[in-house]
Each structure stands twice: as C-alpha cells, then as structure tokens.
Amino acid sequence: MSSDKRRWRTHLLVAAVMALCLSFTVAACGGDDDDSGGGGGGGSQTSDKGGTIKVAILSDCEGAFGAFYEPDIAGAQVPLINRGAKPKDPKKPSAGITGAKIAGKNIEIVGYGCSDGTADKAIEETRRLMEQEGADILIANYAKEHPDQTFINGAAGAQDASLKVQAPNYFRFNTDGAQFSSGLGDYAYNELGWRTAAVIGDDYAFPYTSLAGFIAEFCSVGGKVTKRVWPPLGEKDYSSYISQIPEDVDGLYVAVGGSGLISFIKQYEQQRGKIDTKKIMGNVFWPDPLVLKEVGDRLVGGVTAGPTSADLNTPAAKQYVGEIKAAYPEIAPLASSVFVYHYYIAMEGLALGLEQVKGDISGGQKKLQDALANVEFDAAYGHIALDENRSAISDNYVQRIVPDVNGDGTPDAKTIRVIPDTDQQFGGLFSTDAPAPDRENPKCEKGSPPKWVGNAEPVG
C-alpha cells in the first residue's frame, strides 16, 4: 500500500463540518494497513493502540455560513476542554487547544479546514488536511465502502445520510432537518388556522429536508402546500423568487438560511409590505442570535422551531452554557446556535464511545462502533438516543420571536412548546422506500400524522 493510502488509515479523525448541504462528518478513522480493509493486521496496529489520536476540524469560513466558523470550532473543542484541554486563545477557537486527552490518549488537532459551502472547496480542503497535515478526512457517503472506519456526523441535517444510506459505521447524534421543523405543521394548521401554504428554501439538500418536515406534518393533518420556490444558496437578489410566492395562501414557511435569510427578509418586506407574522414562519435559522440582531424586529410574533432553546433554564442547559462561556466567553451568546450545539454533542458522543472502549480503535473499530450505537446521554436540550439507523431521537422546541427580554437590544426566542422524542421517520411519513426530500418530494398527502401532533408539551 502507498504511503498516501497509509495516511488514510492510521489515525482517528474528528472532522466537525458545518456545511449542512454537504453532509460531511465527524469521522473516526483507523484500521489495518493492508489492502484487505479489515482490522487486526499491518503497520497501523501500533497507531491504533498508540497514545495519540489525530484530529482535524473542517468548517465553512466563507460563503453563506462563514460567520459560524469560530463558533463551530468552539463547539467541537469544548468537550475536550471539559476533559482537561486548555484553549490557546479564548477569543479565537481556531488558535487551538493543548493538553487534550480522551481515555488516556493524547488528542492532537492537526489542522482547521476552511470551506465555503461548495463541494469543490470542501474536497480541496479535505485533501489538504489529509495529505499535508496527516489527518484522515473522509466524506460520509464513503462510509459503506470503509466498514473499518467510523463516521460521526458533525452538523449535517440532510435526511439521506442516515435514513437512506444506513451505513452501520455512520452515527448522527443530532436530529435531522425534518426533525428541526417538527411541531410547526401542527401549529400552523391547528393554532394559526392555515389551510394552504407556500414554502421557500435554498436549493440544496438541507432545506429540502427542513421543508419536508413541515410539508409532511402540515399535509398529514389536512393542509395543502400549493407552491415551492427554490432560490440558489447565497442568492443576493430575491425579488424574482418573492414574486413567485402566491399572495392567496394562508401562510409562508421560510427555509432560506445563512446571510441569505437577512437579505430575503428585508427584500420581502420591501416587495410585500410589513410582515404579518401570523402568516409567515421560519425554520431553524430564525432564532439564531446573529439573524435576530439584524432582522429580529421584523420577525417579532413569528413562530419557528429547532433543536435548541435559548431560554431553557434546566441545570443541564445552564451547565452547557457555562462550559461554553468558561472556555470561549465571546462565543457564549451563541451557545444555543444549532452549529455550536451540534458540534458539541458530536464530539461528546464520540468521546463517550471512546471512553467506553478505553480508546481502543483496533480490530476494524468494531468495539467502538458497537459502543457508539448504544451511547445515550442527557444533553443541554434533551436526552439523546440513537434509533436503529444510528440517528438521533431527541426533543424539538417550538418558539415565538419576542421583543428583547435580556437587555441586549436584540429580540429573543421564547419557547412555547416542547415536541418530545422526535424521530426522523415521522411516524412512517418518511421511510427508506419513499423518495428522498427534493424539489418535489415529499408529496402533500393527508394521512396519519406523527405521534407528537396533538401531544406537544406547552410551556408557560
């Protein structure tokens, strides 16, 4: 085997990748050095049982999600800091950490990748980290082809990675994009009185999944989605797409994300007038502090949902925010961002699995994979367990945008409902046999709604 191929197999990699459209992963890579791909032989046995686990972190520093680069890295590194590592610069997470250990093994951060949300740039950075920095970086879709390597999803929300591919060595500790929208179809139909709706979202995998959750739930209880609009990711001029949105529908569900959401909201108001927040709701990006700072006043009264809850006051939530604040004070206001939180739980899940096997990634990593499949833990925003496809079952939070309550001049998100134990199959509305979410799927069909419809837990 060539030295380049040997590099692919000799270390454990953690790649925390923010680009939701690309479905990259946190990947634990190790195994033998021979061409058979099995565990237990070859030169990498020494590495598997040695004292250092190499880590690389890949995220977007440019493009629509570039503003989350440092917060992403912070989220991934705090579980290591909780285990004794020290940040080199609390104001700059990408400056690195020292003294990191898991299960007695040294953790070495060998590099930080800078992508821009496009596949070409992500692959370019992947190769740089793999070939020049000595880390093994693998794309999630390779999981089935590399059974002796372990893949842990970073923050990707596309549904296919776990529901369709079903690689036994792929683990997702965050809920997917459809689960992020759970509770909103029910709320739109039964509380806001919507009977018809249009949807708009960026034209790539994550918004397809995010909107699929709303469409499946809303239609299952009797609603009709009459129009789907798909501007490209990173679009700056939304005027032609706004003009495609029917004016005779009861409501609009928005899944435009990143910097594009700020532009969209401002341009929508310019074209359609003052936003009626009883007739518009948004996906997981709406309650993000960076978005609320820019356009929150326009969204006050609007309803959104997501897997985090900034106003949750449980001991676990307080502890998590405190951990972020202690390690990276300037990132603390973003602790409830899905990006920070999902990097955190991805690394935490991996660390718990490694601790169970005492850092042993030999033998094709079967011990680690068996341990990861059964990892459960109480995280800041709910209990996390994995389903039969090794994808998260956890809570979701329906929230309303409200005027500033904490004195920072920025509107806040107030939790009004908890959707308990969401699963990515939505009670059978999604399955391995159904078409994957895309521009035309899922179809809008009335049927048996998910178990949480009518069973949401109100928050006073």
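Helix α14, which spans residues 366-373, has Leu368, Gln369, Ala371 and Leu372 buried. These four cover an arc of only 165° around the axis, so they lie on the same side of α14. The model is a predicted one. The points below take up helix α14, then a pair of helices, then a pair of strands.

**Helix α14**
- Lys367 and Asp370 are exposed, and they sit on the other side of α14 from the buried residues.
- An α-helix has 3.6 residues a turn, so residues three or four places apart point the same way.

**Helices α12 and α13**
- Two packed helices are described by the angle between their axes and the distance between the axes.
- Helix α12 covers residues 315-327 and helix α13 covers residues 338-356; their axes come within 12 Å and cross at roughly 95°.
- Angles of 65 to 115 degrees count as roughly perpendicular, and α12 and α13 are therefore roughly perpendicular to each other.
- On the α12 side the contact involves Tyr320, Glu323 and Ile324, which meet Val340, Tyr341 and Tyr344 of α13.
- By class, this contact of α12 with α13 has five nonpolar residues, one charged residue and no polar ones.

**Strands β7 and β8**
- In a regular strand the side chains alternate between the two faces of the sheet.
- In strand β7 (residues 150-153), Thr150 and Ile152 point one way, while Phe151 and Asn153 point the other way.
- All four of these β7 residues are buried.
- Strand β8 (residues 170-171) runs parallel to β7, and two bridges join them.
- Phe151 has Tyr170 in β8 as its bridge partner.

Terms used: Residues numbered from 1 in each chain as written. Predicted model: local features only at pLDDT ≥ 70, side-chain atom pairs only at ≥ 80, totals over all residues. Heavy atoms only, no water. Buried < 20%, exposed > 50% of the residue type's maximum accessible area, 1.4 Å probe, protein only. Pairing = 2+ DSSP bridges. Axes fitted to C-alpha atoms, helices over the stretch in contact; angles between N-to-C directions. Parallel < 35°, antiparallel > 145°, perpendicular 65-115°, else oblique. Contact = heavy atoms within 4.5 Å. Nonpolar A, V, L, I, M, F, W, Y, C, P; charged D, E, K, R; others polar. Arc of directions from axis to C-beta.
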